[in-house]
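User: Could you take a close look at one part of this model for me, and then show me how it fits into the rest? I work at the bench, so plain language is welcome.

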Amino acid sequence: MEWLNAVVQGIMLGGLFALFATGLSLAFGVMRFVNLAHGDLAILGAFVAVSVTSALGLNPFVSLVVVVPVMLAAGYALQLGAFNFTISADPLPSILVTFGLGVVIQNVLLETYSADSRGLDVGSIEIESIRINDAIAVGWIPLITLVVAVAVLGTLQLILSRTALGRAFRAVSDDPATARLMGINDRNLYAVAMGIAFATVAIAGVFLGIRQSFGPLDGPAQLLYAFEAVVIGGLGSVWGTLVGGLLLGVAHTVGGQFEVAYGLGSGPLVGHLMFLVVLATKPTGLLGRRAE
Amino acid sequence: MTLLEVRGLDAGYGDFQALFGIDVDVSEGETLAMIGANGAGKTTFLRVLAGQVPTRAGSILFDGTDIAGVKAHRRVGLGIALVPEGRMLFGSLTVRENLIIGAHAARPGRWNLDSVLDVFPLIRPLMDRPSHVLSGGEQQAVAIGRALMSNPRLILLDEVSLGLAPVVVKSLYEALPALSEGGATVLLVEQDIGQALAVASRVVCLLEGRVSLEGRPGELARSDITAAYFGLPAGAGSEGPG
C-alpha cells in the first residue's frame, strides 16, 4: 500500500511539475525559445504574491488575480523589448540573455526581500487532506495544484486547437516567414506567447510558495524540474507536458519510497535517471513532435 | 491604371546582388508573366514585392504608395499576396485551417472559403486532412486558395508548375482566369515559357537580375524571347525552352 501511496502522491507532485513546465513548453513550441530564467520567473511570481498578499491583505489564491496579469504584461513587454532581438536560427543568444536575466532576477530578489526563506499562508487547508483509506490521504493543496495544472494545460490546448490565436501560434511555429505572408505579425505573436508563459509560471510559483518555503536562489532547481518534465513529455506538446510532469512526480515519490524501503537512491535521482533514459532513447519525448 | 510601379530596384542576399535596377509596371487587372532561367532573379523579385527580401535601392509604388519599407505582414492588408515556391503549406494545420489562416489579414472582397472551393473543387473533400499528406497538385491548389483568402489586389505566383505533372499544371492554369475575374491582378513567375505565354497578357524576361525583354506575347518573336531568356544575341534563339 505504501507503493500505491507513493504513486498517488507522485501524481499530485507531478501537477506542480507540469505547471512549471507549461510556459517553457509553450515558448519552445511557438518560437523555439529556451528560457533559462524560467525557474527564476516562478520564484519572482511567488515573491510578487508575497508583496501583493502583505500589501492588500489578500489570500495567496486571490492574489493570482493581480500576480497573473502583472506577470503576463511583464512577459509581453520583455519579449517585445528584449527577447525578440535574440531569436534566430542560433539558440545561443537567447540562452545567454535568459541566463543573464535569471542572475539579475536572483540578485534583485536578494536585495529586495533578503535571503530569508518565505512562504505563502493559505490557512488550515495547507494541512488538510482527503483520506482515501488507512494508508492513502490526498492533501487539498496538492489536489488543487493538480486540478489547476490540468485546467491550465487543457485551456492552452483548447486555445491552440480551436482559436485563431492558436492557429497563428501553430503556423508561426511551422514557418514564421510564410506566416508573415498571411499577415501575421510573428514578433507580436511571440510576445503574446511569452506573456502566457509568464502567466503560467507565475501560477506555478504561487502554488510552490503555498506548498513549501522558497528563497531568491531557488529558481534554477525549479528550472531543472521544468526542463525534465518538458523533455520527458515532449518539447512543444501540451499533453506531453502534463504526462512528463506526472511521470517525473511519480519517479520522485517512488524513488523516495525506494530509499525508505531499501536505503538506496533518492527521489530526485530516479527522476533525473528517467530524464536521461528518455533523452537517450527518445529525444523528442514521449508525446513530442517528430523532429523536422 | 498602374497598380504596381517598380523603379530602379536593387536587391540581394548578403554580399550577393540578385536584382540590378529593375523597372517593371503592372496594370490593374492584367496577368504579367515573368520568365527567365534558373538564377535570373524571378523569385527574388517576387519575394521583394512580398516583403520577404529587403530593397537595397529603388522604389516600389503600390497603388501610388511606396511600400519598399513596409513589413511583409502589413503588405497582405494592402492587397499583396504571395504563393511561394514550394507551396509552403503549414504542415501542422489542416487544409481548412491553411485556407482560413490565409484570411488572417483579409481585405473585404469576393473571396471566401466557398468561392475558393468553387474554383478549386478538388480541395473540397480534403478539408479536414493534414496538409502534408496532400499531393503536390492539391497542395498547390490550397496554396493559391490560401492566398486568395486575403482578397489580394495583386497575387504573386511563384513557379506554379514546379514539380507537378503536366495534367495537374494544366488544371491549375485553367483556374487562373478566375483569379482575374475575381478582381486580382496576377504576376506569375514561370520557367515554362509555353505555359506563361498562354495565360499572360504581357511578358517580362529577366536575365541575370536585369530585364532583358518586355512585351505582349503576340508581339514578341519566339526567337527574341529565347535569346532574351538565354542571353543570346537578338534573333539567335531559334529553339525555345519550356
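Which residue just after helix 1 of chain A takes a positive phi, and what is its value?

Analyst: Happy to help, and please keep in mind that this is a predicted model. The residue you are after is Arg32(A), which follows directly on helix 1 of chain A and has a positive phi of about 55°.

Let's look at the helix that leads up to it. Helix 1 of chain A covers residues 2-31, 30 residues in all. From its first C-alpha to its last it reaches 43 Å, close to the 44 Å expected at 1.5 Å a residue. Even so, helix 1 of chain A has a bend of about 35°, placed at Ala21(A). The helix is also mostly covered, with 22 of its 30 residues buried.

Now for the chain around it. Chain A holds 11 helices and 2 strands. Along the sequence they come in the pattern α-α-α-α-β-β-α-α-α-α-α-α-α. Its radius of gyration is 19 Å, close to the 19 Å that the globule rule gives for 292 residues, so chain A is as compact as a globular protein of that length. Along the principal axes, its C-alpha atoms fill a box of roughly 60 × 50 × 35 Å. Of the 292 residues in chain A, 51% are buried. If you take the contacts in chain A between residues at least 6 apart in sequence, 75% of them join residues at least 24 apart.

Chain A also has a partner to meet. On chain B, 20 residues are in contact with 14 residues of chain A. Two elements of chain B give two or more residues to the side that touches chain A: helix 2 (72-78) and helix 3 (95-101). Helix 2 of chain B gives the most, with 4 residues. Sorted by class, that side of chain B has 11 nonpolar, 8 polar and 1 charged residues.

From there we can step to strand 6 of chain B, residues 80-83. In a regular strand, side chains alternate between the two faces of the sheet. In strand 6 of chain B, Ile80(B) and Leu82(B) point one way while Ala81(B) and Val83(B) point the other way, and all are buried. This strand runs parallel to strand 7 of chain B (residues 154-158), and 4 bridges join the two. In strand 7 of chain B, Leu157(B) is the bridge partner of Val83(B).

Your question about phi has some echoes in chain B, too. The loop between strand 6 and helix 3 of chain B holds Arg87(B), which has a positive phi of about 70° although it is not a glycine. Arg87(B) has 24 other C-beta atoms within 10 Å, so it is buried, the cut-off being 20 or more. Glu208(B), in the loop between strand 9 (202-207) and strand 10 (210-215) of chain B, is also a residue other than glycine with a positive phi, near 50°. Glu208(B) has 14 C-beta neighbours inside 10 Å and therefore counts as partly exposed.

One more case sits in a hairpin. Strand 1 (residues 2-13) and strand 2 (residues 16-27) of chain B pair in the antiparallel sense over 8 bridges, and Leu9(B) has Ile22(B) as its bridge partner in strand 2 of chain B. With 2 residues between these strands, the hairpin includes Gly14(B), whose positive phi is near 60°.

Terms used: Residues are numbered from 1 along each chain as its sequence is written. Chains are lettered from A and ligands numbered from 1 in the order in which they are written. This is a predicted model: local features need pLDDT of at least 70, side-chain atom pairs count only at pLDDT 80 or more; totals for chains, interfaces and linings use all residues. The radius of gyration is taken over C-alpha atoms; the globule rule is 2.2 Å times the number of residues to the power 0.38. A residue is buried if 20 or more other C-beta atoms lie within 10 Å of its own, exposed if 12 or fewer, and partly exposed in between; C-beta atoms are placed from the backbone. Two residues are in contact if their C-beta atoms, placed from the backbone, lie within 7 Å. Ala, Val, Leu, Ile, Met, Phe, Trp, Tyr, Cys and Pro count as nonpolar, Asp, Glu, Lys and Arg as charged, and the others, Gly among them, as polar. Two strands pair if DSSP finds at least two bridges between them. The expected span of a helix is 1.5 Å times one less than its number of residues. The bend at a residue is the angle between axes fitted to the seven residues ending there and the seven starting there.
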